[in-house]
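Here's a walk through a protein model for someone meeting it fresh. Have a look at the picture, then read on.

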Amino acid sequence: MDVFACAGCGTELTAPVSRVALPVHTHHGGWEELHPPLMEPATYAVDPRPTGPPWRLWEEAGEEAAARQGVYAPVYSVSFGARNRIVIAPGDSRSMALIPEKCEGYCRGVDGRNGPNLACEGCGRAVATRMDDCGMWQTVWLEPDAVVRHPSGLPAGPPPDWDELERPEHRVPPVEPDGSWSRRWEAALGVALAHLVAATEDRPVILPAGPVTELLGHAVGRYLPAGPDARTVGLAGPGIRTPHPRPDVLLVPRHPLTGTPWRPPGDDGVLVPLDSGVWAYLAHQGETSPMPATGVLPDGVLRDDYPLPPRPWCPLTPHHRAFEYTLVGLPAIRTPRLRRYHDAHRS
């Protein structure tokens, strides 16, 4: 396990934490909602893309400068903040104090709009940004140039590997206890759809029967056309057999530690990565479907599960900002066909 300390005075700023993959829903929450912490306790992740202020309008930055920041199609603004910022759960922060004049937010918390708002209590250096406003997952972002990483001296548990995906607790249900769709699923679907659009170059797709079609079919139908010359899509990953013949595109999980997409041995075909918890639910769904059943029970059959479990009233819809954020970060978006697609779907 690691501890992050102030690069200026050496004060320890975190509890011991172990690295995991950056969650795909990191920057995508539900509007006007309060969210729980993004990270599990005693974990941290690193975001390789530039994040946070300063921001520059696309027209001001220009296409070449935006591409160097990992943005390959027009957006409203481009981040010129630091790469490789480290995110932890707020409960794992230590010896940091808020900087009052940098605690602005939209309505219910702070959003980090003015840069780092946490200072090291040892030397007063700005070292991190607390974010917890509505629509944001609760996080503390450590600035990479303001902190140093040291071994904590405490042994870490075994690092998460592919076998984690077969554990029931790794599966993320698509429906929240209140009957709404999971915010993590909405973001994960937006990210996966962007990769699917890029992989198929905006061509029709045929999804596999079962939970993939039940849960993702509506969204795929909205973001991709129908018609001939469709690409086939299949679900593949550790613990399940890869479909044969191999579909044109495989939906595969991201590694829970590295975030790298799973790939069948010796396979160099097209992959679309999924949030590992979402993939695990699709691959090992169990007996209960989140989709409302059609029809009625036969005469004489009584139910004993009243009240009925809550179910969403509308189909699963992707988080559009997650979709767009991911799509503009894929170099393939610069091809003429996909650029036309982006311009037509740009919000």
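Is Gly-115 buried or exposed? With a relative accessibility of 9%, Gly-115 counts as buried, since buried means under 20% relative accessible area, exposed means over 50%, and partly exposed is in between (1.4 Å probe, protein chains only).

## Before we start

This is a predicted model, where local features need pLDDT of at least 70, side-chain atom pairs count only at pLDDT 80 or more, and totals for chains, interfaces and linings use all residues. Residues are numbered from 1 along each chain as its sequence is written, and side-chain values use heavy atoms, with hydrogens and water left out.

## The overall picture

The protein has 7 helices and 15 strands. These are DSSP runs numbered from the N terminus: H or I with at least four residues for helices, E with at least two for strands. The radius of gyration is 22 Å, close to the 20 Å that the globule rule gives for 347 residues, so the protein is as compact as a globular protein of that length. That radius is taken over C-alpha atoms, and the rule is 2.2 Å times the number of residues to the power 0.38. Along the principal axes, the C-alpha atoms fill a box of roughly 70 × 55 × 45 Å.

Buried residues make up 46% of the 347. Take the contacts (heavy atoms within 4.5 Å) with a separation of 6 or more: residues 24 or more positions apart account for 65% of them. As for the outside, the accessible surface comes to about 17500 Å², and 54% of it belongs to carbon and sulfur atoms; the areas come from the Shrake-Rupley method with a 1.4 Å probe, and for residues only the protein chains shown count as cover.

## The seven-stranded sheet

One open sheet has 7 strands in the order β2-β3-β6-β10-β9-β8-β7, with mixed pairing. Two strands pair if DSSP finds at least two bridges between them. Strands β2 (18–19) and β7 (96–98) stand at the edges with a single partner strand each, so one side of each is left without a neighbour in the sheet. For β7, 3 bridges lead to the antiparallel strand β8 (residues 118–120), and Met-96 stands opposite Cys-120 there.

Now find β6 (residues 85–88), which is covered on both faces: Arg-85 and Val-87 on one side are buried, and so are Ile-86 and Ile-88 on the other. Strand β3 (residues 43–47) runs antiparallel to β6 and is joined to it by 4 bridges, while 3 bridges tie β6 to β10 (residues 139–142), again antiparallel. Ile-86 takes part in both pairings: it is the bridge partner of Val-46, and its own partner in β10 is Leu-142.

## The four-stranded sheet

Another open sheet has 4 strands, ordered β12-β13-β14-β15, with parallel pairing. What stands at its edges are β12 (205–206) and β15 (270–274), each with a single partner strand, so one side of each has no neighbour in the sheet. Strand β14 (residues 249–253) is joined to β15 by 5 bridges, and Pro-253 stands opposite Leu-274.

## Two buried loop residues

Back to Gly-115, which lies in the loop between β7 and β8. Leaving aside neighbours within four places in sequence, Gly-115 is in contact with Pro-53 and Thr-129. Its C-alpha atom is 9.0 Å from that of Gly-81, 34 residues apart along the chain.

Ala-73 sits in the loop between α2 (63–68) and β5 (77–79) and is buried, with a relative accessible area of 0%. Which residues does Ala-73 contact, leaving aside its neighbours within four places in sequence? They are Trp-58, Val-328, Ile-333 and His-342. The C-alpha atoms of Ala-73 and Ala-332 are separated by 9.9 Å, though the two are 259 residues apart along the chain.

## Backbone oddities

Most residues other than glycine have a negative phi, and most peptide bonds are trans. The bond from Pro-53 to Pro-54 is cis, with omega near 5°; Pro-54 is in the loop between β3 and β4 (55–57). Another cis bond joins His-244 and Pro-245, with omega about 0°, and Pro-245 is in the loop between β13 (231–235) and β14.

Ala-42, in the loop between β2 and β3, has a positive phi near 65° and is partly exposed at 28% relative accessible area. Asn-84, in the loop between β5 and β6, has a positive phi of about 60° and counts as partly exposed at 39%.
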